[in-house]
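Please look at the sequence and the structure shown here before reading on. The report after them is meant for a first-year student.

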Amino acid sequence: MKKILVVVLISILALVLAACGSSTSGSENSGEIPDRVRVVIGSTSTGGDTFQNAEAASRYLEDEMSTNMKVDAIGGVQAFDELSKAKDDGSTVMFFHDMAYLGVEYGAFNEENKLENWEIGPVVSINPGNAFLTSGDAPYDTMAESAEWLSENPDETVTVAIQAGGVSEIIFDGYYLWAKEEFGTEVSDRIKVYVTGSQEDKNQALWDGNADIIHGSIGANAEFTKDEVEDKVKMKFLGLSASERVEGYDIPTFAEQGITVNGEEFTFDKEFFYLMPKDIEDSYVEQLDQSLEEVVSNESYQEDLSKNAYITNYISAEESTDYLLEKREEVNKIIEQAPDLDDISH
């Protein structure tokens with residue numbers, strides 16, 4: 001009987017240990033990639049550069065991460081709200097660009113949405129075609145020439161259509177501060193802003209005569225610069241904010257035009273990256289990072305981006321935090337000197 005009892009006790013103990021092992025295994029697997037991942041973006045447009053970059057990355061990531069990804073264009077405020085309520089399993093992540101931190105610095109987003117409150121994922125791509133445009137018949141061909149034209153025509157003004165709190169505002173600020181330093185307040189006081197939203201709204205502001213210059217991009221606006229376009233909607237590029245020209249387009253950068261801020265050439269690369277809940281599983285971040293490293297080296301992915309003049313720009317999750325925080329510190333030097341939009345609005 002004693003031997004039988006010992007055998008029974010050993011069997012029970014084995015079952016208990018197996019159950020514990022199963023439970024532990026389940027806990028370890030909690031970092032697995034969910035079957036479905038919702039990618040919320042800080043834009044409501046499905047035709048703009050944020051959606052285009054998010055969609056391309058998601059389409060290739062699906063295979064690498066063995067999941068299904070859906071890009072949801074819900075806008076910046078709502079995207080941050082959804083991210084704050086998201087589970088830490090990676091079933092909801094955010095894809096956005098520099099406005100994610102610029103919006104906080106400018107006051108368009110709540111302070112609780114600052115970069116430090118999220119897990120910063122890898123940087124993925126750049127829109128080097130970030131640009132300003134004007135009507136095809138405007139009396140100037142570059143951003144620098146627009147300020148020179150104001151200097152030569154003291155009764156004229158130039159109104160620029162931008163989105164408050166975004167990439168277009170920081171680039172406008174660079175242009176404005178340069179014009180003020182180069183030509184004085186007699187010119188900068190005649191530079192106004194028309195605050196609006198989507199790219200479609202900016203285009204319409206130009207066509208309606210509410211703006212003389214608009215923020216845009218090669219991907220979104222190149223079609224309006226072609227020779228066969230009707231005069232009433234025809235546009236021309238005035239300059240790119242990126243560090244280098246875009247191959248295939250004869251558009252000078254701000255730096256080439258001599259536009260400087262605080263004694264340095266003014267450039268701003270619009271970069272796209274991921275944000276995730278602060279307590280997300282480390283294994284998820286590692287998987288996303290490794291998968292994106294594979295994606296950006298894929299020639300098919302690179303070709304898809306190039307169709308809209310976008311380029312890959314992979315910065316790992318390990319390095320992206322310091323990189324973006326340093327970039328934020330640099331742009332804050334400009335924001336501190338910039339005018340309040342309420343004071344210069346058209």
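What follows describes a predicted model, going from the whole chain to its sheet, its cores and its charged pairs.

## The chain as a whole

The chain has 346 residues, of which 51% are buried. Its secondary structure consists of 13 helices and 13 strands. The C-alpha trace spans about 110 × 40 × 30 Å along its principal axes.

Contacts can also be sorted by how far apart their residues lie in sequence. Among contacts with a separation of 6 or more, 78% join residues that are 24 or more positions apart. One pair of positions shows how sequence and space can be compared: Asp-282 and Asp-89 are 193 residues apart in sequence, while their C-alpha atoms are 9.7 Å apart. Asp-282 belongs to helix H10 and is exposed, with a relative accessible area of 57%.

## A six-stranded sheet

One open sheet contains 6 strands in the order E2-E1-E3-E12-E4-E13, and their pairing is mixed. Strand E2 (68–73) and strand E13 (311–315) form the edges, each pairing on one side only. From one strand to the next, the twist averages 25 degrees.

Inside this sheet, strand E1 (residues 36–41) and strand E3 (residues 92–97) run parallel and are joined by 4 bridges. Here Val-39 stands opposite Val-93 in E3. In a regular strand, side chains alternate between the two faces of the sheet.

Two helices can be described relative to these strands. Helix H10 (residues 282–296) lies across E1, E3, E4, E12 and E13, and runs at about 15 degrees to E4. Helix H12 (residues 317–335) also packs on the sheet, where it touches E4, E12 and E13; its direction makes about 70 degrees with that of E4.

## An enclosed strand

Is strand E5 largely enclosed or open? Of the 6 residues in E5 (residues 130–135), 5 are buried, so the strand is largely enclosed by the rest of the structure.

E5 has two antiparallel pairings to follow. With strand E8 (residues 213–217) it forms 5 bridges, and in E8 the bridge partner of Ala-131 is Gly-216. With strand E9 (residues 235–240), E5 again forms 5 bridges; in E9, Ser-135 has Met-235 as its bridge partner.

## Nonpolar cores and a buried aspartate

The largest nonpolar core contains 57 residues, and Phe-132, Phe-172 and Leu-275 have the most contacts inside it. Helix H6 (residues 167–183) supplies the largest share of this core, 10 residues. A second, separate core has 30 residues, including Val-39, Val-71, Tyr-274 and Leu-288.

Helix H6 also holds a charged residue, Asp-173. Asp-173 is buried yet has no salt bridge, and Lys-180, the nearest side chain of opposite charge, is 11 Å away. Leaving aside residues up to four places away in sequence, Asp-173 touches Tyr-106, Ile-334, Ala-338 and Pro-339.

## Salt bridges

How many salt bridges does the structure hold? There are 16. One of them joins Lys-270 to Asp-49, with the closest N and O atoms 2.8 Å apart. Lys-270 lies in strand E12 and Asp-49 in helix H2 (residues 49–65), so this pair ties together parts that are 221 residues apart in sequence. Lys-270 is buried, at 7% relative accessibility, and Asp-49 is buried as well, with a relative accessible area of 12%.

Helix H2 takes part in another salt bridge, between Arg-59 and Asp-304, where the closest N and O atoms are 3.0 Å apart. Arg-59 in helix H2 and Asp-304 in helix H11 (residues 299–306) link distant parts of the chain, 245 residues apart. Asp-304 counts as buried because its relative accessibility is 19% and the limit for buried is under 20%. Arg-59 is partly exposed, with a relative accessible area of 36%.

Asp-98 and Lys-327 meet in a salt bridge of 2.8 Å, N to O. Asp-98 sits in the loop between E3 and helix H4 (99–106), and Lys-327 in helix H12, 229 residues apart. Asp-98 has 0% relative accessibility and counts as buried; Lys-327, at 13%, is also buried. Salt bridges can also form a network, as they do among Arg-38, Asp-72, Asp-81, Glu-82 and Lys-85.

Conventions. Residues numbered from 1 in each chain as written. Predicted model: local features only at pLDDT ≥ 70, side-chain atom pairs only at ≥ 80, totals over all residues. Heavy atoms only, no water. Core = buried A, V, L, I, M, F, W, Y, C linked by side-chain atoms within 4.5 Å. Buried < 20%, exposed > 50% of the residue type's maximum accessible area, 1.4 Å probe, protein only. Pairing = 2+ DSSP bridges. Axes fitted to C-alpha atoms, helices over the stretch in contact; angles between N-to-C directions. Contact = heavy atoms within 4.5 Å. Lys, Arg positive; Asp, Glu negative; His and termini not counted. Salt bridge = Lys/Arg side-chain N within 4 Å of Asp/Glu carboxyl O.
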